Amino acid sequence: MSRTRGQGPLYGGRSKALRISTGDRIEAVTDVARFSMTVYRNGQAARTIPVTTGKNGYQTRTGIKVVLEKQPVIRMKGESIGIPKDSPDAYDLEVRHAVRVTWSGEYLHAAPWSADAHGRANVSHGCTGMSTDHAAWLYRTLNPGDIIRVLNGPGPRMTAFTNGYGDWNLNQPQWQAGSALPPPPVTEHPSTPTAPRMTPLI
């Protein structure tokens with residue numbers, strides 16, 4: 001549409017209402033020291049799951065991760081993380097209900113072979129393992145972009161950009177320091193002027 005107001009034409013139209021909706025906020029919090037994961041839906045605990053995380057030498061990364069992708073079945077081999085075939089730590093497993101959280105190969109998944117350790121000990125090669133039933137529920141519940149938080153563990157800290165979506169591990173000053181924009185100018189407040197001295201007329 002076009003009409004004239006004042007000296008020149010106006011172009012445009014009425015804005016249309018826009019409605020958006022978002023899914024539930026899902027956050028899975030693993031306490032390495034307690035061998036436990038609690039899944040929260042919109043801030044309310046939905047399920048607590050006995051888990052096992054990384055053993056000595058393969059500790060699970062601490063910090064905040066984000067779900068990258070999900071695979072119903074995946075083959076995991078120790079060679080993919082640098083473990084030789086002839087090592088006592090070597091493995092070659094078909095894994096179900098795998099939720100990926102790092103590009104280097106950290107997953108949340110079913111681990112029926114370590115059932116005795118769930119809720120009791122950390123025996124994995126860095127992944128977070130649990131029963132098949134719990135893993136199936138978690139697989140249905142989590143979606144790409146959901147938050148995975150790992151607390152109270154000795155593992156290395158999750159990096160911000162090199163191994164998945166670790167952006168949540170940066171605080172606001174760190175984000176600002178990485179900005180391409182210059183920092184806002186510092187406003188200096190002038191000191192309060194002192195009252196002029198009065199000289200007696202006498």
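**Exercise 1.** Determine which residues join R100 and E69 in the chain, how far apart their charged atoms lie, and how accessible each residue is.

*Solution.* The side chains of R100 and E69 meet in a salt bridge with an N to O distance of 3.4 Å, where a salt bridge is a side-chain nitrogen of Lys or Arg within 4 Å of a carboxyl oxygen of Asp or Glu. The model is a predicted one, in which local features need pLDDT of at least 70 and side-chain atom pairs count only at pLDDT 80 or more, whereas totals for chains, interfaces and linings use all residues. Residues are numbered from 1 along each chain as its sequence is written, and side-chain values use heavy atoms, with hydrogens and water left out.

Next, place the partners: R100 belongs to strand β8 (residues 92-100) and E69 to strand β7 (residues 69-77), so that the pair links distant parts of the chain, 31 residues apart; strands (E, at least two residues) and helices (H or I, at least four) are DSSP runs numbered from the N terminus. Finally, R100 is buried at a relative accessible area of 16%, while E69 is partly exposed at 28%, given that buried means under 20% relative accessible area, exposed over 50%, and partly exposed in between (1.4 Å probe, protein chains only).

**Exercise 2.** Work out which parts of the chain the salt bridge between R149 and E27 ties together, and which network includes these residues.

*Solution.* The closest N and O atoms of R149 and E27 are 2.7 Å apart. Because R149 lies in strand β11 (residues 147-151) and E27 in strand β3, the salt bridge ties together parts that are 122 residues apart in sequence. E27 counts as buried at 12% relative accessibility, whereas R149 is partly exposed at 27%. R25, E27 and R149 are linked in a network of salt bridges, and the structure holds 10 salt bridges.

**Exercise 3.** Identify the residues with the most partners in the largest nonpolar core, and the element that gives the most to this core.

*Solution.* A nonpolar core is a set of buried Ala, Val, Leu, Ile, Met, Phe, Trp, Tyr and Cys residues joined through side-chain atoms within 4.5 Å. Of the 18 residues in the largest one, M37, V39, L108, M130, L138 and L142 touch the most other members. Two or more residues come from each of β3, β4, β9 (107-110) and α1 (132-141), and α1 gives the most, with 4 residues. Leaving aside neighbours within four places in sequence, L108 is in contact (heavy atoms within 4.5 Å) with residues including M37, M130, L138 and L142.
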